[in-house]
Amino acid sequence: MSITVETGQAGSDSVSYCSVAQADAYFLARGNAAWAALATDAKESALVRGCDYLTQTYRGRIAGIRATTTQALDWPRIWVPMADSLTGYYPSGVVPVEVVNANAEAALRSAQGEMLSDVDQPVIEETVGPITTRYAPGASQAKKYPVIDRLLSPFVGSANSIRMVRA
């Protein structure tokens with residue numbers, strides 16, 4: 001299997017923001033042996049599923065707009081403000097490293113199990129022997145991935161928002 005990686009060219013057949021080589025380097029630098037233990041085909045599949053997760057979870061919340069109407073993925077984008085710049089925007093022909101790294105993190109979690117699994121009604125109270133567990137009303141049963149949320153936090157916002165700067 002060979003995957004098409006989005007490099008900022010707005011490809012119509014791209015399925016991941018991160019290549020196997022990029023993910024390998026990312027996890028090697030972090031001492032993650034679980035990723036290294038996967039076969040290349042498993043890594044590629046996990047990268048595609050990880051990218052699917054990013055698209056399904058963050059589409060509509062990412063600042064800016066897609067660069068073209070024919071691109072397969074949400075990046076590249078235009079009018080995405082740089083978090084550490086008062087007036088700058090990310091270049092339109094680029095996929096930020098944070099997005100690539102978020103794809104890698106999502107792929108690792110995808111290799112370990114379903115990220116967007118179906119959920120049942122929340123359990124309000126469950127007793128097993130002498131132990132009783134009660135969940136807060138309205139508590140989500142969906143699993144959260146804070147590392148992915150934080151990697152993408154510079155880009156999550158409204159496409160129509162403007163940066164306010166105090167003079």
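A contact, as used below, means that heavy atoms lie within 4.5 Å, and a residue is called buried when its relative accessible area is under 20%. The model treated in these exercises is predicted.

**Exercise 1.** State which elements cover the buried residues of helix 3.

*Solution.* Begin by listing the residues concerned: the buried residues of helix 3 are Lys43, Glu44, Ala46, Leu47, Val48, Gly50, Cys51, Tyr53, Leu54, Thr55 and Tyr58. Then look for what contacts them, and the cover is found to include helix 1 (20–29), helix 2 (33–36), helix 4 (97–112) and helix 5 (146–152). For the chain as a whole, buried residues make up 34% of the 167 residues.

**Exercise 2.** Check whether the end-to-end distance of helix 3 (residues 40–58) agrees with its expected span.

*Solution.* The expected span is 1.5 Å times one less than the number of residues, so the 19 residues of helix 3 should span 27 Å. The C-alpha atoms at the two ends of helix 3 are 27 Å apart, which agrees with that expectation. Beyond the helix, glycine 60 follows with a positive phi, near 90 degrees.

**Exercise 3.** Describe how strand 3 (residues 125–128) and strand 4 (residues 131–134) are joined and paired.

*Solution.* First take the connection: the two strands form a hairpin with two residues between them, and glycine 129 in the turn has a positive phi of about 60 degrees. Next take the pairing, which is antiparallel and runs over four bridges. Finally, as a position within this pairing, threonine 127 stands opposite threonine 132 in strand 4.

Notes
Residues are numbered from 1 along each chain as its sequence is written. This is a predicted model: local features need pLDDT of at least 70, side-chain atom pairs count only at pLDDT 80 or more; totals for chains, interfaces and linings use all residues. Side-chain values use heavy atoms; hydrogens and water are left out. Buried means under 20% relative accessible area, exposed over 50%, partly exposed in between (1.4 Å probe, protein chains only). Two strands pair if DSSP finds at least two bridges between them.
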